[in-house]
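Student: Could we walk through this model together? I would like to see how each term is backed by its cut-off.

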Amino acid sequence: MKFITYNTKNFRKIEYLKNLPEQVKHEIEVVSKVLPFKTNNYVIDYLIDWENFETDPVFILNFPNRNMLHEEQFKEVEKAYTQQLPEKEFLGIVNKIRLQLNPHPANQLSNVPKLDGEALPGVQHKYRDIVLFFPSQGQTCHAHCTFCFRWPQFVKDLDLQFSMREIDMLTRYIKENEYIHEILFTGGDPMVMSPLTISKYIDQIFEADIPHLDTIRFGSKSLTYWPFTFIPGHSDEAEDMLSLFRRIVDKGKHLSFMAHFNHPVEMDNSAVEEAIYNIRQTGAEIRTQAPVLRNINDDAEIWREMWLKQVNLGMVPYYMFIERETGPYAYFELPIAQVYDIYRNAIKYTGSLAKTVTAPVMSASMGKVHVMGVIDNPADNDRYFMMQYVRHRNVEETYKPFLTHYDEKATWFNQLVRTDADMILTAEEE
Ligand SMILES: *Cc1c(COP(=O)(O)O)cnc(C)c1O
Ligand code: SF4
């Protein structure tokens with residue numbers, strides 16, 4: 001199957017969209033001036049129920065709608081768009097709104113490591129044992145998610161992209177820091193790169209011969225947005241991609257494919273099943289992660305079904321996240337307490353093979369905060385969240401349970417008060 005992308009320039013050509021009300025198309029066009037929009041023929045043909053598009057989870061995941069902006073923001077862009085303001089003036093308005101949408105949550109920009117005093121662009125090193133690598137050719141995706149916290153890097157004119165070709169510098173850096181034993185290729189989606197490009201990176205890593213580097217991970221949503229990448233006969237490069245995976249495994253490395261699934265419908269066709277099977281045949285492990293999103297998957301039954309399916313297909317549930325405060329999060333966010341309930345009501349009925357999931361988790365600037373539970377303390381008749389950092393900039397701070405006062409409405413960690421530090425956490429500490 002041939003890969004065809006659609007963005008606002010050509011999306012009116014999509015057969016299914018012809019029947020959408022004009023108003024809906026107009027709203028998609030307006031919102032996508034602010035939030036990046038991209039879809040493709042697989043998503044459109046396989047994943048969306050067009051009869052019920054308004055509530056369809058993948059439609060909402062992939063197509064912007066007017067409620068993803070605040071009413072005033074929507075009206076301002078709509079007006080500028082309808083009036084056909086000059087390009088420069090129009091971009092001024094659009095960029096102003098983008099900056100209102102908190103483009104850099106959790107200080108992502110502050111994790112760039114240095115080698116001989118020189119910053120390694122395209123690399124983030126936050127947790128002791130693992131580096132993130134953003135290869136420059138992998139900074140886009142087969143389609144874009146409306147909730148994505150990486151949306152600023154798809155918006156070229158903001159110039160906030162991470163990218164780098166200097167895999168040499170990275171391998172030297174890893175070599176000098178023996179406690180780093182994992183590299184995670186991320187993006188965007190590294191699986192948009194050709195197997196040849198990825199091979200060049202992998203070959204350089206192998207040539208550097210770093211014994212303490214035992215694990216390679218790819219973070220990807222390609223099983224949802226273009227599973228043909230892993231199906232020979234449907235994509236010219238699938239055989240090469242699968243051989244590359246086998247080559248990594250044969251080298252004795254642990255290869256973990258960090259798959260991103262938001263809804264069981266994404267695992268519901270023979271193409272994705274075949275892709276999963278083929279990846280597993282290479283010896284790679286597939287682990288799954290996703291945030292809980294209002295309007296898409298805010299229901300325990302959806303998560304139960306999702307984890308059951310993942311386990312049935314041989315995948316390993318890994319993280320369930322609380323949606324970050326960026327982009328159109330007002331549309332997607334949920335109280336921590338509610339996400340915890342969804343988790344608990346889902347996991348109770350899923351069976352033990354889904355216990356591998358750590359959930360729910362907030363990726364904050366100090367680390368990944370795991371909401372372990374809600375405690376009613378009869379001694380003081382009060383209610384608490386029990387939490388721990390499963391990842392922290394300072395490894396000594398991990399796996400140390402602590403309590404915060406319960407707050408039914410809080411949607412992020414910085415809105416809670418720790419019992420052992422009777423103060424509201426500052427943004428710095430968050
Ligand atoms: C989540 C994350 C990782 C990977 O964390 P794991 O818990 O090992 O999956 C690495 N670096 C950064 C900056 C992260 O946010
Ligand atoms: S595939 Fe991942 S990186 Fe790409 S838009 Fe979706 S969430 Fe963001």
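Tutor: Happily! Let's start with buried area: it is the accessible area (1.4 Å probe) that two parts lose on being put together, summed over both. The model is predicted, so local features need pLDDT of at least 70 and side-chain atom pairs count only at pLDDT 80 or more, while totals for chains, interfaces and linings use all residues. Side-chain values use heavy atoms, with hydrogens and water left out.

Student: What is the area buried between domain 1 and domain 2?

Tutor: About 2000 Å², and carbon and sulfur atoms give 66% of it. The bounds, domain 1 (5-99), domain 2 (111-283) and domain 3 (320-430), come from an automatic or database domain assignment. Counting contacts (heavy atoms within 4.5 Å), 24 residues of domain 1 touch 27 residues of domain 2. The C-alpha centres of these two domains are 28 Å apart.

Student: Why is ligand 1 said to lie between domain 2 and domain 3?

Tutor: Because domain 2 and domain 3 both give residues to the shell around ligand 1. A residue is near a molecule if one of its heavy atoms lies within 4 Å of it, and the shell includes Lys 126, Arg 217, Tyr 318 and Lys 368.

Student: What makes the approach of Arg 217 to ligand 1 a polar contact?

Tutor: The term needs a pair of N or O atoms within 3.5 Å; within protein, one must be able to donate a hydrogen and the other to accept it, and residues adjacent in sequence count only if both atoms are side-chain atoms. An N or O atom in the side chain of Arg 217 is 2.7 Å from an oxygen atom of ligand 1, so the pair qualifies under the 3.5 Å limit. Tyr 318 also has a polar side-chain atom 2.7 Å from a ligand 1 oxygen, and for Lys 368 the distance is 3.0 Å. The protein covers 88% of the 390 Å² of accessible area that ligand 1 has on its own, by the Shrake-Rupley method.

Student: Which residues surround ligand 2?

Tutor: Cys 141, His 144, Cys 145, Cys 148, Phe 154, Gly 188, Lys 221 and His 260.

Student: What is the peptide bond from Gly 187 to Gly 188 like, cis or trans?

Tutor: That bond is cis, with omega near 15 degrees. Ala 359 to Pro 360 is cis too, with omega near -20 degrees. Most peptide bonds are trans.

Definitions and conventions:
Residues numbered from 1 in each chain as written. Chains lettered and ligands numbered in written order. Areas by Shrake-Rupley, 256 points an atom, 1.4 Å probe, with all protein chains shown as cover.
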